[in-house]
Amino acid sequence: MIILSRISSLKNPFKSTHTSSFIHNFVPTVDPSESLLYFLSLSVETQSLKLTQQCHAQVHRVGLTQHPLIAQKLIFSYSHFKHTDDSQLVFGSILLKSTHLCNNLLNGLAKNQLFSKSFELFRNMFVATSLPLADEFTFSIIFKTVGDFGDFLYGKMVHGRGMKNGFVLDTVVGNSLMTMYSKCGSIYDSLKVFDEMLYRNVSSWNAAIMCCANLNLDKENGFSDNNKLWEFVKGMQNEGLKFDAYTVSILLSLCEGDVKNGNWSKDLGYGRELHCYIVKNWLDLCSGSGSDAHLGCCLIDMYSKSGRVDVGRTVFDRLKYRNVFAWTAMINGYVCCGHYDEALCLFREMQWKDQLEPNKVSLVSVLPACSSFAGLIGGRQIHGFAIRRELNHEVSLCNALIDMYSKCGSLSNASLVFEYECIRKDAISWSSMICGYGLHGKGQDAMVLFDKMLQSGIKPDTVTVVGFLSACCRSGLMNEGIKIYDYVVNNYDIEPTLEMCACMVDMLGRSGQLDRALDFIKRMPVEPGPSIWGALVSASALHENSEMRDLAYKFLIQIEPENSSNYISLSNLYAASKRWDVVAEVRKTMKERGLRKLPGCSWITINSVTHSFLVADKSHPCSGIIYRVLDELGLAMKLYGHNTVSAYMMEVLE
DNA sequence: TTAGGGTTAG
């Protein structure tokens, strides 16, 4: 069961309604401006908007409205609390505006993503006589803003203006400019700035490394792999510059190994080296300062995604300062490795042990654990918590909720989130809902939604297509699926993936077009894997084509000689046709190769008690009634068709 | 007052 404690806000005296006398007692000391500056800094530190507002009132009371430093602090504080109207009000009231003050407001507007207002203020600094001229600080802020906004052409224009004024020669401005181009998708322009810089610091190299890491390296510019990135890493070392925490965190994100493989020596080469580097150079990783949690997160993430969540946990346990990011990284690590119980445990601990409130990402991270382990009750609790915190319209959270509800059997709730809570739907929202319909055997609904998605101008990606094709496949809409495959590949510039091709083979095969399926395999643009041959095996068995089945098996065993499931299903097939000689041969091969089939396991949680079942397991006290219901369902499926019965059961469960 | 690194969804 998920527990979301009702955590009170930070234990902060300034959030109390009874503290208004505090500032009155303090201000009339030697210099009121000093006191006010102190309190304004304190208001940000303690996250108290109320204190900022009290300071503002005092500023008026003691007649310090034109004090430049106080005005700057007020603008900064109000921007910090997202009260940008008040920031602009303070700015407007200052008669003699300095460049510093303008930069302050510009920064505040940009941090609140008020892009058009930021650009307007920037433009006015060049045309309005009432405003001072821009400086290098103005340009580093505006380059960052343009990067966040992602407007390459506007960025080019501002770059030209910066060059004209000579500010681009400044190292910080140059770094900011590099990042702007990187975020706008132009690796070429970013690295050109780097090449032309007069003085480069560690941050300049980091920006170049980040640029290579972030972008899909553009083959036209001659970068087809990570070589360019490692050139920068080496170049930095050749210049005698040491990695800083930023360098290490960027590199750690590139060291994620294959979760399924989880081979320590193969996957963790660079990751472990970087961990050693951190220990050697930042011995205070565990010292309790705020910054160590940052690298701690990167390490936890790297180890978890390399299949070594246990090492990630050791890093986590040794951190003395654990913020919400560190807890979320650890929860997510457990979810990624399928340790859902651990993830849910940690989610509770984070709240009662460290008194930390989960953020949007924590909720998104823990929701898959509900889908797989805690069930609908846990998922509903998370949803309720999100509504109380007004996070339920966040698109990523909505998407995770749609997925959770679908997988927990509540398609109606998934649909409600999709229709009414997910205001700004993205491709993932549409895909999640389409997959939900597919999962519940509602192929027609999936088709309608897919059509709506295309009508809305949202471009489907490979996951959408796979979700849609498997929905068609599950609902017997094979011809419709085959038609759509051709349509999206030809009209949406989608490169067929292995999963898409497997759906196609499945659909062609199930509809009895086995020769066409084999022809598709021969022509498909990706190397056929086990899912392809597996689909052909099933379809050949379904349509009793032993020649095609044997051919598909030959390839399947060739690709996956160590997968016991392949041998078991082969053995079962031959057993069904009483070919005991082949059955014995297959079993012998399995024995020789040391392969054993792990029994399948499923579980269900009812009233906080989890009941698990193995194949043919009759150890449960209610085993008798369970098997009786199963037999009845099997019979009903034969009589009325599995789609009808599944849809009925889903309705009953909801 | 300026740049860069952390956890997220199908």
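I count a contact when heavy atoms lie within 4.5 Å, and I take helices as DSSP runs of H or I with at least four residues, numbered from the N terminus.

The model is predicted, so to speak for the record: local features need pLDDT of at least 70, side-chain atom pairs count only at pLDDT 80 or more, and totals for chains, interfaces and linings use all residues. Residues are numbered from 1 along each chain, chains are lettered from A, and side-chain values use heavy atoms, without hydrogens and water.

**Entry one: helix α25**

I looked up what covers the buried residues of α25, and found that the cover includes α23 (411–421), α24 (427–439), α26 (462–474) and α27 (478–491). The buried residues (under 20% relative accessible area, 1.4 Å probe, protein chains only) are G443, A446, L449, F450, M453 and L454. They fall within an arc of 140° seen down the axis, taking directions from the axis to the C-beta atoms, so they line one face of α25. On the face turned away I found Q444 and Q455 exposed, that is, over 50%. Just after the helix, G457 has a positive phi of about 85°.

**Entry two: DNA strand B**

Next I checked which residues are near DNA strand B, with a heavy atom within 4 Å of it. There are 48 around the strand, and the closest are S140, N175, N332, S431 and D461. Helix α17 (residues 290–305) gives the largest share of this surface, seven residues. I also noted K305, with a polar side-chain atom 3.2 Å from a phosphate oxygen of DNA strand B. For D426, a side-chain N or O atom is 3.3 Å from a base nitrogen of the strand.

Conventions
Polar contact = N/O pair within 3.5 Å; in protein donor to acceptor, adjacent residues only side chain to side chain.
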